[in-house]
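Here are my comments on the model you sent, set out as numbered points. They begin with charged side chains and then turn to helix packing and overall shape.

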Amino acid sequence: PVEGQRVRAKGEIDDPFNDTERSEKIRQCCAPVLSPGQFETLASALAGLRELRSVRTMTTALKGLKLH
C-alpha cells in the first residue's frame with residue numbers, strides 16, 4: 001500500500017537530510033571525481049565549516065585535492 005506521495009525531494013528545506021544522509025549524498029556526488037581519501041579530506045573540512053575563522057583554511061584544504 002502507498003502511504004503518501006512525496007511532492008518535494010528529500011534534502012530540501014522542508015525535509016532536510018540528517019547528517020548521515022547528507023554525508024552519503026555528498027559521497028555519491030563526489031565519487032566520480034575524488035578518491036575515497038580525497039573525499040575524507042573534503043568531508044573533514046566541511047564538518048568544521050561552521051567553526052572556521054577564515055575561509056582560507058577551507059581553500060588551503062581543498063587546494064591539495066586533485067580530480068581523477
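**Notes on the predicted model**

1. The structure holds seven salt bridges. Please keep in mind throughout that this is a predicted model, and that the distances and areas quoted below are computed from it. As general background, side chains of opposite charge can pair when their charged atoms come close.

2. Aspartate 15 and lysine 10 form one of these salt bridges, and their closest N and O atoms lie 3.2 Å apart. Both partners fall in the middle class of accessibility: aspartate 15 is partly exposed at a relative accessible area of 23%, and lysine 10 is likewise partly exposed, with a relative accessibility of 31%.

3. Within helix α1, which covers residues 19-30, a salt bridge joins the side chains of aspartate 19 and arginine 22, with an N to O distance of 2.8 Å. The two residues are three apart in this helix, so about one helical turn separates them. Aspartate 19 is exposed, its relative accessible area being 60%, whereas arginine 22 is partly exposed at 38%.

4. Arginine 27 and glutamate 40 also meet through their side chains in a salt bridge, at 3.3 Å from N to O. This pair links distant parts of the chain, since arginine 27 belongs to helix α1 and glutamate 40, 13 residues apart from it, to helix α2 (residues 36-47). As to solvent, arginine 27 is partly exposed with a relative accessible area of 33%, and glutamate 40, at 39% relative accessibility, counts as partly exposed too. Elsewhere, Arg8, Glu12 and Asp14 are joined into one network by salt bridges that share partners.

5. How do α2 and α3 pack, in terms of angle and axis distance? The angle between α2 and helix α3 (residues 55-63) is about 175 degrees, and their axes are 10 Å apart. An angle over 145 degrees counts as roughly antiparallel, and α2 and α3 are therefore placed in that class with respect to each other.

6. The residues that make this contact are Thr41, Leu42, Ala45 and Leu46 on the α2 side, which meet Met58, Ala61 and Leu62 in α3. Sorted by class, the contact of α2 with α3 comprises six nonpolar residues, one polar residue and no charged ones.

7. Alanine 61, one of the residues in that contact, is located in helix α3 and is partly exposed, with a relative accessible area of 28%. When its neighbours within four places in sequence are left aside, alanine 61 is in contact with Thr41 and Ala45. By way of a distance across the fold, the C-alpha atoms of alanine 61 and proline 32, which are 29 residues apart along the chain, are separated by 19 Å.

8. On the overall architecture, the protein has three helices and zero strands, and its pattern along the sequence reads α-α-α. The radius of gyration is 16 Å, although a compact globule of 68 residues would have a value near 11 Å. The C-alpha trace spans about 50 × 30 × 15 Å along its principal axes.

9. Two totals complete the picture. Of the 68 residues in the protein, 12% are buried. Among contacts with a separation of 6 or more, 37% are accounted for by residues 24 or more positions apart.

How values were computed:
Residues numbered from 1 in each chain as written. Predicted model: local features only at pLDDT ≥ 70, side-chain atom pairs only at ≥ 80, totals over all residues. Heavy atoms only, no water. Salt bridge = Lys/Arg side-chain N within 4 Å of Asp/Glu carboxyl O. Buried < 20%, exposed > 50% of the residue type's maximum accessible area, 1.4 Å probe, protein only. Helix = DSSP H or I, 4+ residues; strand = E, 2+ residues; numbered from the N terminus. Axes fitted to C-alpha atoms, helices over the stretch in contact; angles between N-to-C directions. Parallel < 35°, antiparallel > 145°, perpendicular 65-115°, else oblique. Contact = heavy atoms within 4.5 Å. Nonpolar A, V, L, I, M, F, W, Y, C, P; charged D, E, K, R; others polar. Rg over C-alpha atoms; globule rule 2.2 N^0.38 Å.
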